[in-house]
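Hi everyone, thanks for making time. I'd like to walk you through one structure today, so have a look at it and then we'll start with a single residue.

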Amino acid sequence: MKDDYLNNLTTEIMKKAYKLAVANTKSPEDIVYIANAFLNTAKMLYTNSLGEDLTKLLFQRIVERGFENPQTLH
């Protein structure tokens, strides 16, 4: 896949997903469910390409890095 195509596709998908999230968020609790849907989708894509073990390791490292850098926590 070419980088331009993948970048454009990613941008298009994220814009649509954000619009859907905004349109369907009625309370703060909804945000958690929507964020979980994004994480589940990413997990499925990574699992299909990397396998379950590497995906678990990748997500673990992402969470660890997030807690190491307080600027990423809002």
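Okay, let's begin with Y33. Its relative accessibility comes out at 62%, so Y33 counts as exposed, since anything over 50% gets that label. Where does Y33 sit? You'll find Y33 in helix α2. If you compare Y33 with K16, they are 17 residues apart along the chain, and their C-alpha atoms are separated by 17 Å.

Before going further, please keep in mind that this is a predicted model.

Now let's zoom out to the whole chain. How many helices and strands does the chain have? The count is three helices and zero strands. Read along the sequence, that gives the pattern α-α-α. As for overall dimensions, picture a box of roughly 35 × 35 × 25 Å along the principal axes, which the C-alpha atoms fill. The radius of gyration of the chain is 15 Å, while a compact globule of 74 residues would come in near 11 Å. Only a small topic remains at this level, the surface. Of the 74 residues, 5% count as buried. About 6800 Å² of the chain is exposed, with 62% of that supplied by carbon and sulfur atoms.

Next, a place on that surface. Which residues make the nonpolar surface patch? They are Y46, L50, L54 and L57, and the patch covers about 360 Å². The elements giving two or more residues to the nonpolar patch are α2, which runs over 28-50, and α3, which runs over 52-68. Take Y46 as one of the patch residues. Y46 belongs to helix α2, and with a relative accessibility of 38%, Y46 counts as partly exposed.

Let's finish with T55, over in helix α3. Is T55 buried or exposed? At 3% relative accessibility, T55 counts as buried, because the cut-off for buried is under 20%. So who are its partners? If we leave aside the neighbours within four places in sequence, T55 is in contact with K43, Y46, T47 and L50. Two of those names, Y46 and L50, you've just heard as part of the patch. With T47 there is also something specific to look for: the side chain of T55 reaches the backbone nitrogen of T47 at 3.3 Å.

That's my tour. If you want to try it yourself, find T55 in helix α3, then look for Y46 in helix α2. Thanks for listening!

How values were computed:
Residues numbered from 1 in each chain as written. Predicted model: local features only at pLDDT ≥ 70, side-chain atom pairs only at ≥ 80, totals over all residues. Heavy atoms only, no water. Patch = residues over 30% accessible without salt bridge, like charges linked within 9 Å, V, L, I, M, F, W, Y side chains within 5 Å. Areas by Shrake-Rupley, 256 points an atom, 1.4 Å probe, with all protein chains shown as cover. Salt bridge = Lys/Arg side-chain N within 4 Å of Asp/Glu carboxyl O. Helix = DSSP H or I, 4+ residues; strand = E, 2+ residues; numbered from the N terminus. Buried < 20%, exposed > 50% of the residue type's maximum accessible area, 1.4 Å probe, protein only. Polar contact = N/O pair within 3.5 Å; in protein donor to acceptor, adjacent residues only side chain to side chain. Contact = heavy atoms within 4.5 Å. Rg over C-alpha atoms; globule rule 2.2 N^0.38 Å.
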